[in-house]
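Colleague: Got a minute to walk me through this one? I'd like to start with the backbone and then get to the packing.

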Amino acid sequence: MPVVLVHGVPETPEVWDELRPLLGRDSIALSLPGFGTPLPKGTTATKEFYLRWLTDALKEVDGPIDLVGHDWGALLSARIATTGAVPLRSWVMDVACIYHPSYVWHDLAQTWQTPEAGEAFMAHALSVPEEHPQSTATAMRGWGVPEAHARAMNARLDRTMCDAILSLYRSATPNVFADWGRTTTTPHCPGLVLIPKADHVEDPARSQETADILGARHIEIPHLGHWWMLEDPERSAWELTTFWDSLD
């Protein structure tokens, strides 16, 4: 049963490179359009576009699938699980608090959602060197991303990715539950919500409530942050494989 991994923002599939060899099973790391790959011509990079794209991509995989999503990949994975459009064996998400009905976007997301302010932020991010105090690499270091990966994320940030990020976040106001929640049903397959308690955008109580809404288990990981798969790939692999083994 293949594992399919879906990255978030501002990332590419390489975010999973440390984790994949430790899973002990076949895995596929998808690349969202616009994140290290071109966007199809004429595409508007909304959450609905990415949901359709991910649904179609998963239908090409011989399943049933163990789906794992991180950050925006987590929100898309949870939505896929609730629609039942793809045969999943299981699904895993982090930042489940963002899928909560009462979630208020964090400050950086609100900047990206604001016309002119978001464009100014991205123009600055593209213009400063990686050692600059306000560079993407510096921000990633501060959030616990290992040095090599922080530099890589900085290097992969380009105009296409910046524009995709702005469009994606602006399609998700006031939050993702505002419209997806109206048609959210309990998934028919087991789910797991990972709660890395050192995550700067995490709200453990809301994540637990979201797990309950979605009929999923939840597990807290006290010492890891937003990029748990990079900070401690061995522990991350153990949490995932323990969940999957419980389903066999």
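What follows is a short back-and-forth about backbone oddities, helix packing and cores.

Colleague: Before we dig in, what sort of model is this, and what pLDDT do local features need?

Modeller: Residues are numbered from 1 along each chain as its sequence is written, and side-chain values use heavy atoms, with hydrogens and water left out. It's a predicted model, where totals for chains, interfaces and linings use all residues, side-chain atom pairs count only at pLDDT 80 or more, and local features need pLDDT of at least 70.

Colleague: Which residue is joined to P64 by a cis peptide bond?

Modeller: P64 sits in the loop between α1 (47–59) and β3 (65–69); helices (H or I, at least four residues) and strands (E, at least two) are DSSP runs, numbered from the N terminus. Omega there is about 5°, and the cis partner of P64 is G63.

Colleague: And what is omega for the cis bond between T173 and P174?

Modeller: Look in the loop between α7 (159–170) and α8 (177–180), where you'll find P174. The cis peptide bond from T173 to P174 has an omega of about -5°.

Colleague: D71 has a positive phi without being a glycine; is D71 buried or exposed?

Modeller: Its phi is about 60°, and D71 lies in the loop between β3 and α2 (72–83). Buried means under 20% relative accessible area, exposed over 50%, partly exposed in between (1.4 Å probe, protein chains only). With a relative accessible area of 9%, D71 is buried.

Colleague: What is the relative accessible area of V95?

Modeller: V95 is another non-glycine residue with a positive phi, near 35°. You'll find V95 in the loop between β4 (88–93) and α3 (107–113). V95 counts as buried, because its relative accessible area is 0%.

Colleague: On to the helices: how do α4 and α7 run relative to each other?

Modeller: The axes of α4 (residues 117–127) and α7 come within 10 Å and cross at roughly 155°. Axes here are lines fitted to C-alpha atoms, for helices over the stretch in contact, and angles run from 0 to 180 degrees between N-to-C directions. Under 35 degrees counts as roughly parallel, over 145 as roughly antiparallel, 65 to 115 as roughly perpendicular and the rest as oblique. So α4 and α7 are roughly antiparallel.

Colleague: Which residues of α7 make the contact with α4?

Modeller: Contact means heavy atoms within 4.5 Å. On the α4 side, G118, E119, M122, A123 and L126 take part, and on the α7 side it's R159, C162, I165, L166 and R170.

Colleague: Which three residues touch the most other members of the largest nonpolar core?

Modeller: A nonpolar core is a set of buried Ala, Val, Leu, Ile, Met, Phe, Trp, Tyr and Cys residues joined through side-chain atoms within 4.5 Å. M93, leaving aside neighbours within four places in sequence, is in contact with residues including G69, Y99 and L214. Of the 57 residues in the largest core, the ones touching the most other members are W72, M93 and W105.

Colleague: Last one: which residues does S236 contact, leaving aside neighbours within four places in sequence?

Modeller: S236 belongs to helix α11 (residues 233–247). S236 is buried, with a relative accessible area of 2%. Beyond those sequence neighbours, the contacts of S236 are L19, L224, W228 and M229.
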